[in-house]
Amino acid sequence: METNKYLNINRLFYLIRRDLVINYKSFLIGIAAVGGFLLLLLLGDTYARGYLSYDPVIVTFYLFFFFGGLIFTSNMFSELHREDSSYRYLTLPASTLEKLISKWILSSIAFIIVSFVGIQLVILLGAVISTAFFEVEFHVINILKNEFLSGAAHYLVIQSIFFLGACAFKNHNFLKTLLAIFVVGAVVSIFSAGVAYLLPGKSIIVNPEYVSELEHLNSSGFLETISQINEIVKWYVIAPFFLIVSYFKLTERQV
């Protein structure tokens, strides 16, 4: 039987293993640095308070989770963008789709799982040490009850945008992606404000009739329908769209 030239599970596995073998030291250093900082934060906060409170460490964790994850994603294709290693990456015996999926799995699914396991270990270890040295009441929390799944879902949506930036930009990927988001957001805002001004003939602020019309639309369920469409686009359209565009950008580099 002819091997599928677009997606082969064995080749995908070897690609993921290759990335882990090449980058495992930097991965471990990053995990240890963040985990150590969060543990020290938890211990210091517990010593100062006199009891275990996980709020500061959870808030700090989410900052690392989002910003660290997006920076990590932005550097996913750094090997491709470097002159000394691009040839080696381009000549790997794998399809463009496999290269895309392997990088996406590492920067999304694997990153989420490692983050979840890591923060749970930090919480458990911090609770044990605090109980032993500070004589506080032992208790741990399940971060799943602290909206981790919701945060992970939002991360997957936002991460797809920075994943495209990792494919499209050759350097300073994170900053360039942020700039691109800002520019696009500014253009959309200006366009929306212009439409809102031109359609009623006056700005919303000085046109009470237009405000009244908006209230009528809201009562008729129109705005609720728009909100539902926005939710569908947010959860089911944005990430697939940016991943598909990422595939074509990566294909351009492969040629």
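Angles between helices under 35 degrees count as roughly parallel, over 145 as roughly antiparallel, 65 to 115 as roughly perpendicular and the rest as oblique. Keep that in mind for the close-ups below. This is a predicted model, in which local features need pLDDT of at least 70, side-chain atom pairs count only at pLDDT 80 or more, and totals for chains, interfaces and linings use all residues. Residues are numbered from 1 along each chain as its sequence is written, and side-chain values use heavy atoms, with hydrogens and water left out.

**Figure 1. The whole protein, helix after helix.**
The protein has ten helices and zero strands; both are DSSP runs numbered from the N terminus, where a helix (H or I) needs at least four residues and a strand (E) at least two. Of the 255 residues, 31% are buried. Buried means under 20% relative accessible area, exposed over 50%, and partly exposed in between, with a 1.4 Å probe and protein chains only. About 15,900 Å² of the protein is exposed, and carbon and sulfur atoms supply 70% of that area. Accessible areas come from the Shrake-Rupley method with a 1.4 Å probe, and for residues only the protein chains shown count as cover. Among contacts (heavy atoms within 4.5 Å) between residues at least 6 apart in sequence, 73% join residues at least 24 apart.

**Figure 2. Two nonpolar cores.**
A nonpolar core is a set of buried Ala, Val, Leu, Ile, Met, Phe, Trp, Tyr and Cys residues joined through side-chain atoms within 4.5 Å. Which residues have the most contacts inside the largest core? They are Tyr-54, Phe-61 and Phe-65, in a core of 25 residues. Two or more residues of this core come from each of α1 (9-49), α2 (55-74), α5 and α6 (148-168). A second, separate core has 15 residues, among them Met-76, Leu-92, Leu-100 and Phe-163.

**Figure 3. Helices α2 and α6, side by side.**
The axes of α2 and α6 are 8 Å apart, and the helices pack at an angle of about 25°. Axes here are lines fitted to C-alpha atoms, for helices over the stretch in contact, and angles run from 0 to 180 degrees between N-to-C directions. α2 and α6 are therefore roughly parallel to each other. Their crossing is right-handed: the near helix is turned clockwise from the far one by less than a right angle, whereas anticlockwise would be left-handed. Look for Phe-66, Leu-70 and Ser-74, which are among the α2 residues at this meeting place, and for Ile-158, Phe-162 and Ala-166, which are among those from α6.

**Figure 4. Helix α5 against α2.**
Helices α2 and α5 pack at an angle of about 155°, with axes 11 Å apart. These two helices are therefore roughly antiparallel, and α2 passes α5 in a right-handed crossing. The α2 side of this meeting includes Ile-58, Gly-68 and Phe-72, while the α5 side includes Leu-106, Ile-119 and Ile-123.

**Figure 5. Helix α5 against α6.**
At about 150°, with axes 11 Å apart, α5 is roughly antiparallel to α6. The crossing of α5 and α6 is right-handed. Among the residues that meet here are Lys-103, Trp-104 and Phe-116 from α5, and Leu-156, Gln-159 and Cys-167 from α6.

**Figure 6. Ser-115 and its aromatic neighbours.**
Is Ser-115 buried or exposed? Ser-115 is buried, because its relative accessible area is 11%. This serine is found in helix α5 (residues 96-134). Leaving out residues up to four places away in sequence, Ser-115 touches Phe-61 and Phe-65. With the same kind of neighbours left out, Phe-65 touches Phe-111, Ile-112, Ser-115, Phe-148, Gly-151, Ala-152 and Tyr-155.

**Figure 7. Lys-5, ahead of the first helix.**
Lys-5 lies in the segment before α1 and counts as exposed, at 56% relative accessibility. Where does Lys-5 sit relative to Glu-98? The two are 93 residues apart in sequence and 9.6 Å apart in space, C-alpha to C-alpha. Not counting residues up to four places away in sequence, Lys-5 touches Arg-11 and Ser-95.

**Figure 8. Two loop residues with positive phi.**
Most residues other than glycine have a negative phi. Glu-135 has a positive phi of about 55° although it is not a glycine. Glu-135 lies in the loop between α5 and α6 and is exposed, with a relative accessible area of 73%. His-172, also not a glycine, has a positive phi of about 50°. The loop between α6 and α7 (173-198) holds His-172, which counts as exposed at 57% relative accessibility.
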